[in-house]
Amino acid sequence: MEQQVTELAYALDTFYFLVSGALVMWMAAGFTMLEAGMVRTKSVAEILTKNIALYSIASIMFMVVGYNIMYGEGLSSIIPSIGAFITGDNSVEDVMASGGDIYYSDRADFFFQVVFVATAMSIISGAVAERMKLWAFLAFAVVMTGFIYPIQGFWSWGGGFLSELGYVDYAGSGIVHFTGAVAALAGVLLLGARKGKYGPNGEINAIPGSAMPLATLGVLILWLGWFGFNGGSELKVSDVASANNVAAVFANTNLAAAGGVIGALITTRLLFGKADLTMALNGAIAGLVAITADPLSPSPLLAAVIGAIGGVIVVFSIVGLDKLRIDDPVGAISAHGTVGIWGVMAVLLSNADATVFGQVAGLAAIFAFVFVASLIVWLILKLVMGIRLAEEDEYLGADVSECGLEAYPEFSKKS
C-alpha cells in the first residue's frame, strides 16, 4: 500500500510539473504576439522567426550543456561543472529509497527548467527589435541559453553561493526576468536606437506598433502562462500543504497582475491625461514580474499592492529610459528589469527568511556577471558579423532584408 501511494503521488507531481511547463511554454506564444503587435508591420515576420527560433535554440542548448551547468555538482559554489547530456530517470527503487526526497521525474524537471531559459531569451527579443541582425541575435541566443543564464542560475537555484548567502527568489524575478533584461540592456547600448526614434534636440518620437489587438492577446497569454511559471515552482501538489500553496500562488499571481494594470492605468491618466493601452499591458507584465520572486508569502491584498507598485514603476521606467535615449520598442527592460529589482526587494515585505543583504547581493551578482558577459558576447558578434542592420535594410524592414517575406504582404505598396 505504501508503494502504491508513493507511486501515485510521484505520478501526480510529475504530471503537475509537466502541465506547468506546458503553460510556461505557451508564454512563448505570448511574447511572440506581444512583440509582433508592438513593432511595425515591416518587422513582424522577423520577430516571429526570432521567437520560434530562440525557443528551439534554448531547448537544444539547455539539453546539451545548460541544464548540467545549472544543476550539476559544481566545482565550487561559484564555478559550475559541465556534465553529460541529461540521461536516465528515476526507478521505483530510487523513489522508494529516497524517503520522499524524489517526488517527480528528472525529465519533467528538465522540461520545466528549459521553458524558463527560453523566457529569459524572449525578453531580449523585444528590446532589440527592428534593427538587429537576425543571425547575430540567434548566435547570442546560443551563448545566453547554454552558458550565461545557467551559470548565474547555478549560483542560486543550483545551490551555489547566492543560495548560501540567503538570496530568495521563488520563481525568478531576478534569476529569469532581471537576467533577461540585463542582457538586453547590454545589447541595446551597443546597438543604438531605431532610426527616427530620437531627434537632434532631445525630441522623443513615438513609433506606434502594428497591432494593439495582437499585443493585448499576447499579454493575456502571458498572464495565463504565468500560473504555470509561478505555480509550477511549488514543485509538487500531492499533499494538502502543497496544494494549498499552489492555490495561494495562483491567487496572488492573478491579483498582482491585476494590480499592475490598475497602477499603470492610473499613473498614465495622471501623467498624460489618457489611458495608455501599451502602458497598461506593460503594467500587467510588471505586476507579474514583481510577484514572481515570492508569490507564496504575501497576503492577497499585499500581492495586489506589490503588483500595483510594479505597474507604477514600469511607467516611470519606460519614460525615463526614453529620456536617456535607450530605445526599447516593447518596454521589456523596464517591465522585466527595473520591476525585477522591485520584485526581488519586495520579498522582504512578507518573507522572514529574506534579508536585505541576501537580496541586494543576488541582484548585484546577477547584474555584474550577466551585463559583463553579455556585453563581451555582443562586442564579439559586432566585430565578427555585425549586429545592426544596414540603414537601407532597416528602412525597408527586417522582414524583407532578413527573412525575404512579409507578415502582411497585402499592405505593401505595389505599383
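**A walk through an all-helix chain model**

Of the 415 residues in the protein chain, 54% count as buried, and the reader should keep in mind from the outset that the model in view is a predicted one. The secondary structure of the protein chain consists of 15 helices and zero strands. The radius of gyration is 21 Å, which agrees with the value near 22 Å that a compact globule of 415 residues would have. Along its principal axes, the C-alpha trace extends over about 75 × 45 × 40 Å. Sequence-distant pairing is also a feature of the chain, for among contacts between residues at least 6 apart in sequence, 79% join residues at least 24 apart.

With the overall picture in place, the helix pairs can be taken up in turn. Two packed helices are described by the angle between their axes and the distance between the axes. For α1 and α8, the axes come within 7 Å and cross at roughly 160 degrees. Angles over 145 degrees count as roughly antiparallel, and α1 and α8 are therefore roughly antiparallel to each other. The crossing in which α1 passes α8 is left-handed, and the contact of α1 with α8 has, by class, 20 nonpolar, seven polar and no charged residues.

Helix α1 covers residues 2–38, and L8 is found within it. Is L8 buried or exposed? With a relative accessible area of 61%, L8 is exposed, because the cut-off for that class is over 50%. L8 and Y103 are 95 residues apart along the chain, and their C-alpha atoms are separated by 9.9 Å.

A second pair is formed by helix α9 and helix α10, the latter made of residues 277–292, and these two pack at an angle of about 140 degrees with their axes 7 Å apart. That angle makes α9 oblique to α10, and α9 passes α10 in a right-handed crossing. On the α9 side, the residues that meet α10 are N252, T253, A256, A257, G260, V261, A264, L265 and T268, and their partners in α10 are M279, A280, G283, A284, G287, L288 and I291. Sorted by class, the contact of α9 with α10 has 10 nonpolar, six polar and no charged residues.

Helix α10 also contains N282. At 6% relative accessibility, N282 counts as buried, because residues under 20% fall in that class. Which residues surround N282, once its neighbours within four places in sequence are left aside? N282 is in contact with V314, I318, V330, G331 and A335.

The third pair is α5, residues 134–156, and α7, residues 173–191, whose axes come within 11 Å and cross at roughly 135 degrees. That makes α5 oblique to α7, and the crossing in which α5 passes α7 is right-handed. The residues of α5 that meet α7 are F140, M144, Y149, Q152, G153 and S156, while α7 contributes I175, V176, T179, G180 and A183. By class, the contact of α5 with α7 has six nonpolar, five polar and no charged residues.

The loops between helices repay attention as well. E130 is found in the loop between α4, residues 106–127, and α5, and E130 has a positive phi of about 80 degrees although it is not a glycine. At 4% relative accessibility, E130 counts as buried. L235, which is found in the loop between α8, residues 212–231, and α9, residues 240–272, likewise has a positive phi of about 80 degrees without being a glycine. L235, however, has 25% relative accessibility and counts as partly exposed.

A further loop position is I387, which lies between α13, residues 356–384, and α14, residues 391–396. I387 counts as buried at 2% relative accessibility. What does I387 touch, not counting residues up to four places away in sequence? I387 touches R131, M132, K133, A136, L190, L191, W378, L381 and K382. I387 and F411, in turn, are 24 residues apart in sequence, and their C-alpha atoms are 28 Å apart in space.

Key. Residues are numbered from 1 along each chain as its sequence is written. This is a predicted model: local features need pLDDT of at least 70, side-chain atom pairs count only at pLDDT 80 or more; totals for chains, interfaces and linings use all residues. Side-chain values use heavy atoms; hydrogens and water are left out. Axes are lines fitted to C-alpha atoms, for helices over the stretch in contact, and angles run from 0 to 180 degrees between N-to-C directions. Helices (H or I, at least four residues) and strands (E, at least two) are DSSP runs, numbered from the N terminus. Angles under 35 degrees count as roughly parallel, over 145 as roughly antiparallel, 65 to 115 as roughly perpendicular and the rest as oblique. A crossing is left-handed if the near helix is turned anticlockwise from the far one by less than a right angle, and right-handed if clockwise. Contact means heavy atoms within 4.5 Å. Ala, Val, Leu, Ile, Met, Phe, Trp, Tyr, Cys and Pro count as nonpolar, Asp, Glu, Lys and Arg as charged, and the others, Gly among them, as polar. Buried means under 20% relative accessible area, exposed over 50%, partly exposed in between (1.4 Å probe, protein chains only). The radius of gyration is taken over C-alpha atoms; the globule rule is 2.2 Å times the number of residues to the power 0.38.
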